[in-house]
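Trainee: I'm new to this one and would like a close look at a single part, the disulfides, and then at how they sit beside the rest of the fold. Could you walk me through it slowly?

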Amino acid sequence: SAAPPFLNWFLGRVVTIGGVSRIVTAYSAGRVVTVTPAFASTPAAGASVSFYRTLKEYRIRSEGFTTQTDNLPEYTFFVRSARDYSDSAFGQGLATGTSHAISGCLTYTYATCGQWKTVVSPGYLDTLAFGFASGQPGASDTCSRYFADYAGGPNYCFGHFVDSTTFTAASSTERCFVTGACAEGAIISKGVMHTYLTIYVREYHDTNGVFADST
């Protein structure tokens, strides 16, 4: 049958062909799956195809900035990835490497995320790397940006301001999440650090057959 729960079974699973993984984001009544992003080339005849584990959903949220301004973080960064968290890896496991796809959304709450953006993992976590539409949260290099392990290393923590006069250099031994141009750093296109940051994880579970929303 093409009806739920069979329809929902494929959504959020990962298909791997030749070591490259993509996320199943749609399923049709003809039992055809759509993956995002598309594979760069058509698989060779006889190539091994595997469907495996469902995604995990990560919630990344900070409650403050290292800054003297009254600005506070507005948005929460949600990420869907089939990879497990790894604290010591660049990309923290879920974005480590560039052979798999990840999905992201930057919004107030999970329920208000109506459009997930799925891309090839850049190898690190960065809201700016998802290419959110102009005018949407995460589309610009501002206080709403979350990023760590920039460009997949060598630094876990990007240089940032801690107050109006003190700039902390990038670190290759300690991780932090930094904003885009914000507060004291805005005038020279530098950011501040997210503080009181937490990361939660759970299994992805679809209830309506639509991958792009949060139900």
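Mentor: Sure, let's start with the cysteines. Searching the whole structure turns up three disulfides, a disulfide being a pair of cysteine sulfur atoms within 2.5 Å. Before going on, keep in mind that this is a predicted model, where local features need pLDDT of at least 70, side-chain atom pairs count only at pLDDT 80 or more, and totals for chains, interfaces and linings use all residues. Residues are numbered from 1 along each chain as its sequence is written, and side-chain values use heavy atoms, with hydrogens and water left out.

Take C105 and C113 to begin with: their sulfur atoms are 1.8 Å apart. The link of C105 and C113 is right-handed, with 125° about the S-S bond. Both of these cysteines are buried; buried means under 20% relative accessible area, exposed means over 50%, and partly exposed is in between, using a 1.4 Å probe and protein chains only.

Now look at C143 and C182, which form a disulfide with 2.0 Å between the sulfur atoms. This link is right-handed too, with 95° about the S-S bond. C143 lies in the loop between β10 and β11 (147-148), while C182 lies in the loop between β13 (167-168) and β14 (194-195), so the pair ties together parts that are 39 residues apart in sequence. Those strand names come from DSSP runs numbered from the N terminus: strands are E runs of at least two residues, and helices are H or I runs of at least four. The two ends of this link are set differently: C143 is partly exposed, with a relative accessible area of 23%, whereas C182 is buried, with a relative accessible area of 1%.

Next comes the disulfide from C157 to C176, with 1.9 Å from S to S. Here there are 80° about the S-S bond, and the link is right-handed. C157 sits in the loop between β11 and β12 (160-161) and C176 in the loop between β13 and β14, so this pair ties together parts that are 19 residues apart in sequence. Both C157 and C176 are buried. Count the bonded cysteines along the chain and the pattern comes out as 1-2, 3-6, 4-5.

With the cysteines in place, turn to the sheet. Five strands make an open sheet in the order β9-β8-β7-β5-β15, and the pairing is antiparallel; two strands count as paired if DSSP finds at least two bridges between them. At the edges stand β9 (117-120) and β15 (198-203), each with a single partner strand, so one side of each is left without a neighbour in the sheet. From one strand to the next, the twist averages 25°, where axes are lines fitted to C-alpha atoms (for helices, over the stretch in contact) and angles run from 0 to 180 degrees between N-to-C directions.

Let's zoom in on β5. Strand β5 (residues 56-61) is joined to the antiparallel strand β7 (residues 76-81) by five bridges. Along that pairing, E57 stands opposite R80 in β7, and I60 stands opposite F77 in β7. With β15, strand β5 pairs in the antiparallel sense over six bridges, and there R61 stands opposite T198 in β15. Five of the six residues of β5 are buried, so the strand is largely enclosed by the rest of the structure.

One residue to follow here is K56, which belongs to strand β5. K56 counts as buried, at 13% relative accessibility. Its side chain makes a polar contact of 2.9 Å with the side chain of E203; a polar contact is a pair of N or O atoms within 3.5 Å, and within protein one must be able to donate a hydrogen and the other to accept it, while residues adjacent in sequence count only if both atoms are side-chain atoms. Leaving aside neighbours within four places in sequence, the contacts of K56 include V79, R80, V201 and E203, contact meaning heavy atoms within 4.5 Å.

Finally, look at D126 in strand β10 (residues 125-126). D126 counts as buried, at 2% relative accessibility. A polar atom of the D126 side chain lies 3.0 Å from the backbone nitrogen of L128. Beyond its neighbours within four places in sequence, D126 is in contact with F77, R145, Y146, F147 and Y150. That brings us back to β7, since F77 is the residue standing opposite I60.
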